[in-house]
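Biologist: Please show me the chain, and let us then reason through its fold step by step.

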Amino acid sequence: MGESAQLPIDVRDMLCAQALAVVAQAIIRLKVGESRDILFDADDVRHDLLVWAGERGYGIQEPTRGFMRLQRR
């Protein structure tokens, strides 16, 4: 199954540390150019995900509130 067919990573109702751990584990095997979608519902989780992904060089898209796409560059 390709990355595009995978379900979004759902970190709604999670605390920041838990959400980051779930996302990190889910995207660890991404190849360059692959992406994963993330669902979240808290501004602090959003902020932490943006900082974490930015520090690691992931491309970040946020087309709608509560939805983020991370792409490995």
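**Burial, fold and core**

Biologist: What share of the residues in the protein chain is buried?

Modeller: This is a predicted model. A residue counts as buried when its relative accessible area is under 20%. Of the 73 residues in the protein chain, the buried share is 33%.

Biologist: In which order do the elements of the protein chain run?

Modeller: The protein chain has two helices and four strands. Read from the N terminus on, their order is β-α-β-α-β-β.

Biologist: What radius of gyration does the protein chain have?

Modeller: The C-alpha trace spans about 30 × 25 × 25 Å along its principal axes. For 73 residues, a compact globule would have a radius near 11 Å. The protein chain agrees with this, as its radius of gyration is 11 Å.

Biologist: Which elements each supply at least two residues of the largest nonpolar core?

Modeller: In soluble globular proteins, nonpolar side chains tend to be buried together. Here the largest nonpolar core has 18 residues, and those touching the most other members are Val11, Val23, Ile27, Ile38, Val45 and Leu70. The elements that each give this core at least two residues are helix 1 (16-27), helix 2 (43-55) and strand 4 (67-71).

Biologist: Which residues is Val45 in contact with, leaving aside its neighbours within four places in sequence?

Modeller: Val45 is one of the core residues that touch the most other members. Contact requires heavy atoms within 4.5 Å. With those sequence neighbours left aside, the contacts of Val45 are Val11, Met14, Leu15, Cys16, Ala19 and Phe40.

Key
Residues numbered from 1 in each chain as written. Predicted model: local features only at pLDDT ≥ 70, side-chain atom pairs only at ≥ 80, totals over all residues. Heavy atoms only, no water. Rg over C-alpha atoms; globule rule 2.2 N^0.38 Å. Buried < 20%, exposed > 50% of the residue type's maximum accessible area, 1.4 Å probe, protein only. Core = buried A, V, L, I, M, F, W, Y, C linked by side-chain atoms within 4.5 Å.
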